Structures are given as structure tokens and as C-alpha cells.
Number of protein chains: 2
Amino acid sequence: MALQTLYHSREQEILDDFLTFLRFASVSSEPEYGLEMINCLEWLQHYVEEIGFTTEIWPTSGHPVLFANWEDAGRAAPTLLIYNHYDVQPPEPLEEWVTPPFEPTIRNGQIYARGAQDNKGQCFYVLQALKLLFAKHGTLPINVKLCIEGEEECGSHGLMEVLNAKRQQLQADYLAVVDLDIKSPTQPALTLGLRGIVTFDLEATGSKIDLHSGYHGGITYNPLHALVEVLAKLRDNEGKVTIPGFYDDIVPLKKSEVDKLAMTFDPQGYFDMCGAHATGGEKEFSPYESSWLRPTVEINGLSGGYAGSGFKTVIPAKAHAKLSCRLVAGQDPDKIGKLVAAYLEAQAPEGIDIAVTIRPGGGPACRSTVDSPLTTAFATAFAEVFNQPCEYIASGGSIPIISALAETSGSQVLLMGLGLDSDHIHAPNEHFGVDRLEKGALVVARGIELLGATHS
Amino acid sequence: MALQTLYHSREQEILDDFLTFLRFASVSSEPEYGLEMINCLEWLQHYVEEIGFTTEIWPTSGHPVLFANWEDAGRAAPTLLIYNHYDVQPPEPLEEWVTPPFEPTIRNGQIYARGAQDNKGQCFYVLQALKLLFAKHGTLPINVKLCIEGEEECGSHGLMEVLNAKRQQLQADYLAVVDLDIKSPTQPALTLGLRGIVTFDLEATGSKIDLHSGYHGGITYNPLHALVEVLAKLRDNEGKVTIPGFYDDIVPLKKSEVDKLAMTFDPQGYFDMCGAHATGGEKEFSPYESSWLRPTVEINGLSGGYAGSGFKTVIPAKAHAKLSCRLVAGQDPDKIGKLVAAYLEAQAPEGIDIAVTIRPGGGPACRSTVDSPLTTAFATAFAEVFNQPCEYIASGGSIPIISALAETSGSQVLLMGLGLDSDHIHAPNEHFGVDRLEKGALVVARGIELLGATHS
């Protein structure tokens, strides 16, 4: 039976199982979801074993990694390692969800839930692809290993810890990272690069107690003012990051690679999707150049003082910010982290202490191996399934672990996925298309068939 | 019996009653405390009636005002209107209180509770003064009216609404506002001026949904960046407010008034009290000049994006700030409010909408009538009770209603109180001294005796 016919014959069961996967509130960053993480992992382990894989749980100091392998294709056949993650972002703000984040609901062909796309949707169609191949052929044409971690959304510390010890088991010819996007539901694409990331906590302290803004306003330096003044110095009027040395180590893409990239930006489409204008980058670069090929500093959270519906005339003792940098090839997360922290601390006005902590879990940028057999096979698979030539894009996002995972496993990398900008990942009302769940399964299954054919 | 002997003879009962008053969580700014507000008001009304006053509850669109009067001193005797409030600030952050904010506790001679000083403590010693006078003389030497409102901490809207309708009842020769401070527990002081206030909500909007800071960082303008950049433009490197026209209308104090003010600032004492340095004002002015005689813009709250213990790589759709200006004589709250709002909105970068709302409840600065019989009587009373000459200070705080209340009642104003900077008002662990509760009662009782003597 053809792959698509097979998929259609079991679609109801596939959707039922997917909704079960989505019901686990597997939020990795908040301790209160610990039990949900374990329940999700155990369900997933059982599901992968049912497909025909051998599984192992790799404990870590944080959330465990699910490793699975099927290597009956033999030593002559190549080995493909596929990376996904079973953890999701926190669901807040809860009040903005039309339906609750962990009660998945299908509306107008879209499945709404936290993780529906990132990354449970993309993980789940990989599993369906493997099921389809077993159903069609009774076997797989290549050896396949799965590495499904539980801390992608909070820094991949656990996987990073065990990489060295698991080096042998992770060895592979190819690594497919299935956590990326396409630019429209009808246009297939492979991703040539991901940005790196380093994240920070900043605390500004002015006093040991909260103070009354009448009695103390004009005497003490308000840490909220210090915070905005210091953070306002991160970028200049041209959108450039002002931190000395920030751009020094960038290794630009080759022109031949840049030329492959589909960088046409549609301002109206962007506005329709998210209500924003493309005014945020360095002025000398186009939106996709800024997002794909240039590093950033972004504030991800500000807090301090009173934030209720009323008013409180307070000068708080402390104010806080959360920051992140996206990095491009050549930029070392540790080095940039120290540059940013030192710069911000040095801007503290007299009377205010600014303390910046570099959070663990950063990682460098990484790139797909552009001309590998894996990339060629998946580009062809995408073109067949979508009936449309595959384009090449990059991503402004980060999967900090990938660069280390590629090195440990000795693999050529492919970054792929069927996400859309409009999926609202990391935001309320995250969703993934029922159609893309199917297309994802078909692309991965067909890509594995083609990769097998290359080597046979 | 002498006033002090009388006080001592009933001190346990006084403290018991005070703790009862403090147990009401009469937070006016948050709707969930509505019932506590009413319970507090009814208890207070009963308490004032027991002293011998006739009472009225004045309903408003917000929290009611308690009005009370005793006018048996006759038409020839002067009338003193005393202003206090029974509402308190929100208690957050709750986790920083050593004992819960509405379970008053006495430790080392200090009474800890939200409102212990501001203003329940200062209100309660006024009531004890009246009880002492009735106990000592069986009557009062002057007519006394009490205006105890329930919205001082959230803008005095209700009292403002009814002022005109109650003009006749509020008529008085003198108005004593008992909500102010002294600079040390042993140094009596009267307050010559209060700053005015106008408060704002600011909302910066960048998109209609929260966005992923990887995919969108470098494309859209992050409203958190817009917020810090715009707010950083409020003040220059000299600490001056940069808003055009902000300082234009200031009417300085006369030199003879400035010369009366005890403006010596003790940096070490300030640091010991609150852990802050006096680096926050305009550089050309001393700390007390800045706090008493100069206007400010302060940020009182920042919020937006992720503020949990983990991390979320989000570019939020919106970011928020709460701001206030303290005003000095000559500055009109409406005019300054519009200047500030227009300035901030005009700073919005392309792609970001900044909307500033002027909150209701602002009010102009006000000043004591320096040479009135009331001021003289209370300066003498203070000197007698503390055995120390009374000094003159000003306050950076605001009681926006006072200027309107003074005008409506036709009174000469005196601003007084026994608060201390170290009382932690508006902050966790607010407290008031058992000794100051007594001294406050003695000062007010003696001040009323002396004022009566002036007119007899």
C-alpha cells in the first residue's frame, strides 16, 4: 500500500494517540510539573517500543532522555539519528488560551495545545513515519536511532551531561533535527542554519527594603530607573548592539550558501500573522538577514515594583530582567555571555548594584551539511510530498545542544521540520495542522526510503 | 489627672483596641478586600461614637468616608477639622513579612502590621487624645470634626466627589492633617509642605500575540526594549527630568520658609535605615531639597514577558509600566499629566504603540499655614511632650486631597504626624512605636488644650 493510503487508513488512531501525547503537561522548566514529565516519558517509551524499537531511559541530573534504536538494517547500511524533545514551554498566560493548553482540541483542521507543534507534533510524525515504513516494508532500509530529550525548552543540561558517556551509542552517519519550520503550508523547505543562544538573569538592587516613592523619590536611585537606563544602552539608534566586541567573531555564510536562501520577506503577511511590523532589527539588514544571519540581544522579561490593577507608590528594593542573545556562527556563547554581563554591570549608576548571571544551557549556532546525501534525500522527499521544489531557509531559533550532539555522534546534520511562524509556539494557542502531521510523516518516511536507496 | 497618667492607666486597653483596628485588612485599591473595608469602617464608627461624637457615613462611588463631629464648645470656640484615613496599602510581597500583615504583633516596643503607622496608628492616637481630653475635662475646649476617609491609598476619589455637597459640614477654622513624620524618635517636627502627585499607566504594544524571540528577534521591535528605551529618556545624566516644560510653573518657597527647614541630611543614618545611597535626585540639589522642594518622575512598576524562576524565550505582545510624578507648588497635576503622557507617547519607536493613561486621583502640592494659632499650639505641645524644641521639615509624600479639603473647609492647614522614615510604610514589616502612640495622643491632646486657650 502507498505511504499516504496507509496513513489515511489509520488516521483516527494516529490523532487519538497524538492527543494523548499532548495531554501530558510536560513543562520542563517548572518543578511542579515533575510527575507529568515522568508520565509523558513512560507513555512515549512504551509507544516507541510498540513500533519495534529497543529503548533506554538515560537518567540525568534533570529530566531523563529517551534513547531508542533499531539496527537490523545491518552494518553496511547507514545510520540515521533523529533528534526530538518531549518537553514543552510553560503555558502562561493561561487566560489567553481559547481552550486549555493541556486539553488538546481540534478546530478548523488545527490541533490546539501547548507542544502541538513544538516539539510533540514534529516528534509524533517522525514516529508515524517509522510505523508507516514498518507497515509497508516490514523493515527499515537504514538503521535508525532516536534521541528524544526532556530539557530542550530549559537548556538541554541533562543530554549535555550524558553525551560523552553515550558517545558509542550515539554514533551515526546522519543527524536529522526535526524541530524546524517551513515558510508556508504549501512550500517545502530545509533549514541551513540555527542561531546559538546564551541567556541571562539581571538583578538591580537599590536598597534593602522597598521604599515609599514620595519620601524617597529624589533621594535614592530607583532600581527601576537604573534597569531601564542600563538596558536602553544595549542597542543604538541603528539597532546595533553596543556591547564592545559583540560582533567581532562572526563567521559569515559563504555567498553560495546565502544565495540558496529564500530571503524575500512579506511585510503584509507578517503583519497579518502576528500584528507586528519588521522594525526591530539592525537597520542595515533585511528582516531575514537580521533573524537568520545576525546575532541579537533581546529582553525576555522585566519585573519590579507594583504590577497589579491598582497603584502603589513604591520604589522597590530590587528590579529584575531576563535577557537572551541569539548567536551566529563563530560566536562563542561563553565569551559573549561574559561580554554582555560585564558590559551591563559596568553601566550601573552610582548607588545601584547590577548583578548579571549567565544561565547554564547556552550553545553555539549550527548549520546543516548542505550537500550531504541526507539533505538531498529529504529535499527530494519534500518536493514529492508537497509537489513543489524544496527551498532553503535558515532559522533565528536555537537548539543549543545540536552542535554538541552532531560532534559527539560524528554525523552530518540536517535541520528540518514542518512548523509555521503562525503556530504560536511558546505563546498562547499554540497549534499544528492535521494536514502537516500527515505531510511530516510522509516526508520523513519517504526521506528514509530515498536515503536507503542512495546507499543500496 | 495629668494626660500622661491617664494614658498609662488605660494603656493595655488602648493597645488591645489598636490591634483590633489593625486586624482589618482595609486595602482600598484591591476589590477583593471590600468586606474588610466595610467591617473596619463599622468598627471605627462605633469606636468614635463611644468617645462622644456624632457620626455619619458618607457613601461615595468607592469606599465611604467616616465623618464625626462634637460641637458643644459653642459658636464662639474655634473648630478644628482633623483628617485621617482608615485604608491601607496592599501588603505584597507577603513572603517578606516576618509576621503576617494583618496579624499585628508587638516586638521590641514596635507594633508590626500593615497600617500600623500609615495611617491607623496616627488616626488611633488622635482618637486617644480626644478620649484623654474627655476623661480629664469632661468636655473639649474647642469644636472638633473628624474626616476619616477610606481611599487615601488609592486616590481619595470618594472624598473628592462629596466635598462640595458636604461643604457646610466640613467648615472649620483649622485643618490638622495627621499623616506626617518626624525625623527622629526624639526630635519633634511639624511639616511645612507636602508634594502633589499624578500617576500613570503605560502600555507598549508590539504585536497581537506573544512571539518566539528566536524566530522574531531581529525582525519585530520588542516592546520590552521600547519600554526601557522610552523610559530611559525621562531623565538626563544630571538627574533632571527631560520633559519639556516640566519645571516651568514651579513657585519656590520663600527664603524665610526655606531657612526654617531642617535640611541636614545624614547619609550614614539613611544607609543604616534602608540600605540605600542618596544618589537619586537632581545633582544640583541636596537630598532633602530634592525630596521636599523639587518634583520627580518615578517608575513604580515594570512588567512584561516572563518573570518566573526559569526562562522563556518570548517577545511579549505588550509591556507595562506604572509611573508617578511628585509635584511641588505651582505645578498643576492635569497639566503635568498631559505633558508626561504626550512626551512618552511621542518617544515610541516605529512599530511600537505607546499608550499612557493618566490615572484619576492626583492632586497638587500643599503647604502648612506657617504662622497660624494651630501651628503655634502644636509646636508648643510637641516641645512640651518631647522636652525638645520643635523643628520644621517638609515631606516628599503626597495627600492629594488635602489642598481641596483645605479650600472646601475654609481652614488654615497644619501638616503633622509622628511617623518615621524607618517605619517601612508601603513596604513589608510596616511598624509603629508603642511610645509614639502615647506621644501622639499627648501631643494632640495638649495641642487642642493650647489652641483652646489661645481663643479663650
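**Two chains and their shared surface**

Me: Through how many residues does a hairpin join β1(A) to β2(A)?
Reply: Strands here are DSSP runs of E with at least two residues, while helices are runs of H or I with at least four, both numbered from the N terminus. Strand β1 (residues 54-58) and strand β2 (residues 65-70) of chain A run antiparallel and are joined by 5 bridges, where pairing requires that DSSP find at least two bridges between the strands. The hairpin that joins β1(A) to β2(A) passes through 6 residues.

Me: Which residue is the bridge partner of A:T55 in β2(A)?
Reply: A:T55 is to be placed in the antiparallel pairing of strand β1 (residues 54-58) with strand β2 (residues 65-70) of chain A. Its bridge partner in β2(A) is A:A68.

Me: What kind of model is this?
Reply: Residues are numbered from 1 along each chain as its sequence is written, chains are lettered from A and ligands numbered from 1 in the order in which they are written, and side-chain values use heavy atoms, with hydrogens and water left out. Local features need pLDDT of at least 70, side-chain atom pairs count only at pLDDT 80 or more, and totals for chains, interfaces and linings use all residues, since the model is predicted.

Me: How many residues of chain A are in contact with chain B?
Reply: Contact is taken to mean heavy atoms within 4.5 Å. By that criterion, 92 residues of chain B touch chain A, and the number in chain A is 92.

Me: How much area do chain B and chain A bury between them?
Reply: Buried area is the accessible area (1.4 Å probe) that two parts lose on being put together, summed over both. Of the area buried here, 55% is on carbon and sulfur atoms, and the total for chain B and chain A is about 7,500 Å². On the side of chain B, 11% of what is buried belongs together to the residues that lose the most area to chain A, B:Y215, B:I219 and B:F311. The area asked for is therefore, by the definition above, about 7,500 Å².

Me: How many salt bridges are counted between chain B and chain A?
Reply: A salt bridge needs a side-chain nitrogen of Lys or Arg within 4 Å of a carboxyl oxygen of Asp or Glu. Over all chains, a search of the whole structure finds 28 of them, one being formed by A:D201 and A:K322 with their closest N and O atoms 2.9 Å apart. That pair links strand β9 (residues 196-205) to strand β13 (residues 318-327) of chain A, across 121 residues. Between chain B and chain A the count is 0.

Me: Which element supplies the largest share of the side of chain B that touches chain A?
Reply: Several elements of chain B each supply at least two residues to this side, including α7 (223-232), α9 (267-274) and β13 (318-327). One strand of chain B also pairs with strand β11 (residues 296-305) of chain A in the antiparallel sense, over 5 bridges. The largest share, 10 residues, comes from β11(B).

Me: What relation do chain B and chain A have?
Reply: Copies are superposed by least squares on the C-alpha atoms of residues with pLDDT of at least 70 in both. Chain B can be laid on chain A with an RMSD of 0.0 Å by a turn of 180° and a shift of 0.0 Å along the axis. This is the relation of a two-fold axis.

Me: Which residue is joined to B:E92 by a cis peptide bond?
Reply: Most peptide bonds are trans. The cis bond in question, with omega about 0°, leads to a residue in the loop between β3 (79-85) and β4 (105-107) of chain B. The residue joined to B:E92 is B:P93.
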